[in-house]
Amino acid sequence: MNSHRTTTASAVLVGAGLMKSYGLTRALAGVDVSVSAGESLAIMGPSGSGKSTLLHCLAGIEGPDAGQVLLGGERVDQLGEPHRSELRRTRFGFVFQSGQLLPELPADENVALPLMLGGISRRQAVQKAREWFPPLGLAGMEERRPGQLSGGQAQRVAIARALVGSPQVIFADEPTGALDQITGMEVIDLLVTTTRRQGTALVVVTHDEDVARWCDRTVRVRDGRLSEEARTPDGAAGTNAVAHAARGTAGRPTGHDTDARYDR
Ligand SMILES: Nc1ncnc2c1ncn2[C@@H]1O[C@H](COP(=O)(O)OP(=O)(O)OP(=O)(O)O)[C@@H](O)[C@H]1O
Ligand SMILES: [Mg+2]
């Protein structure tokens, strides 16, 4: 109880007593969860257990039937769709499994899109978007169409688009689900380390224990309830052996390594 209070006190996003049913299917049966600035939270659990529903309720994509969602201490679950839509655009970023980029737009304009939707001029938005390409190992890819990018590169463009508006929380539903193991590890490494550096909270739904290990904390959903919570041992998050072994490096990469190893 105490530890829950401590967690929620520093939390940027809190879900409390969340319930959600679809007809007779109870997808969420009373879930309490929170995430702090710069913290990465993995949500795991069997298929159909309610992970995406939980993410959608936290992100204002769907409204819970009962319970509360607080962003920076403010109730957001009761907002109407126009306000929720603005909230998603300005305070949240999203990364999905795949297919989220517009195929007819070059990579830089895909990243600039949320800024342009917010009223920033195309020139300024693209300029700001391009600043994200080198740190995400995408230098030189600015003008490529999504069809000219590898799966891992496309996911890094999607991460840039999620980050470009300086959101408070990034939601990622199976962000590595369409990638091979090594590329997936590189993508989650980048997502966790970049959000940590920006002080952005990260909520990741995943089936992959390796992806969860990369995050600071893991919660498990079963039948719409959180059944388990384990904090990643200090020092283990972001130092997953798989990706580093594959590259022949040890420990957390330096910024220089991070840039170099994506320059393929
Ligand atoms: N829009 C919907 N209409 C009806 N039922 C739904 C809807 N969305 C989810 N459900 C049901 O709610 C339950 C939880 O679904 P949810 O998508 O949250 O599971 P999940 O844990 O994300 O599964 P997966 O790992 O397969 O993505 C499931 O029984 C699902 O069939
Ligand atoms: Mg799902």
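This is a walk through the strands, helices and two odd loop residues of one protein structure.

Keep in mind that the model is predicted, so local features need pLDDT of at least 70 and side-chain atom pairs count only at pLDDT 80 or more, while totals for chains, interfaces and linings use all residues. Residues are numbered from 1 along each chain as its sequence is written, and chains are lettered from A and ligands numbered from 1 in the order in which they are written.

Helices here are DSSP runs of H or I with at least four residues, strands are runs of E with at least two, and both are numbered from the N terminus. Let's begin with a sheet. Strands of a sheet pair through backbone hydrogen bonds, either parallel or antiparallel. Here, four strands make an open sheet in the order 2-1-4-5, with antiparallel pairing; two strands count as paired if DSSP finds at least two bridges between them. At the edges sit strand 2 (25-36) and strand 5 (74-75), each pairing on one side only. Strand 1 (residues 11-22) is joined to strand 2 by nine bridges in the antiparallel sense, and you can spot Tyr-22 opposite Thr-25 of strand 2.

Lying across strand 1, strand 2 and strand 4 (66-71) is helix 2 (residues 51-58), which runs at about 125° to strand 1. Axes like these are lines fitted to C-alpha atoms, for helices over the stretch in contact, and the angles run from 0 to 180 degrees between N-to-C directions.

Now look for strand 8 (residues 201-205). Five of its five residues are buried, so strand 8 is largely enclosed by the rest of the structure. (Buried means 20 or more other C-beta atoms within 10 Å of a residue's own, exposed means 12 or fewer, and partly exposed is in between, with C-beta atoms placed from the backbone.) Ala-201, Val-203 and Val-205 point one way from strand 8, Leu-202 and Val-204 the other.

Strand 8 has parallel partners. Strand 7 (residues 169-173) pairs with strand 8 over five bridges, and strand 3 (residues 40-44) is joined to strand 8 by four. Leu-202 is the bridge partner of Ile-170 and also of Ser-40. Strand 3 pairs with strand 9 (residues 217-222) too, again parallel and over four bridges. Leu-41 shows this nicely: its bridge partner in strand 8 is Val-203, and in strand 9 it is Arg-217. Strand 3 has both faces covered, with Ser-40, Ala-42 and Met-44 buried on one side and Leu-41 and Ile-43 on the other.

Next come two helices. Helix 6 (residues 151-163) packs against helix 7 (residues 181-198) at an angle of about 15°, with axes 10 Å apart. That makes helix 6 roughly parallel to helix 7, a label for angles under 35 degrees (over 145 is roughly antiparallel, 65 to 115 roughly perpendicular, and the rest oblique). Among the residues that meet are Gln-155, Ile-159 and Leu-163 in helix 6, and Val-187, Leu-190 and Thr-194 in helix 7; contact means C-beta atoms, placed from the backbone, within 7 Å.

Finally, two loop residues deserve a look. Most residues other than glycine have a negative phi. Ser-166, though not a glycine, has a positive phi of about 50°, and Glu-174 likewise has a positive phi of about 50°. Ser-166 sits in the loop between helix 6 and strand 7 and is exposed, with 12 other C-beta atoms within 10 Å. Glu-174 is in the loop between strand 7 and helix 7 and counts as buried, with 21 C-beta neighbours inside 10 Å.

Note on methods: Two residues are in contact if their C-beta atoms, placed from the backbone, lie within 7 Å.
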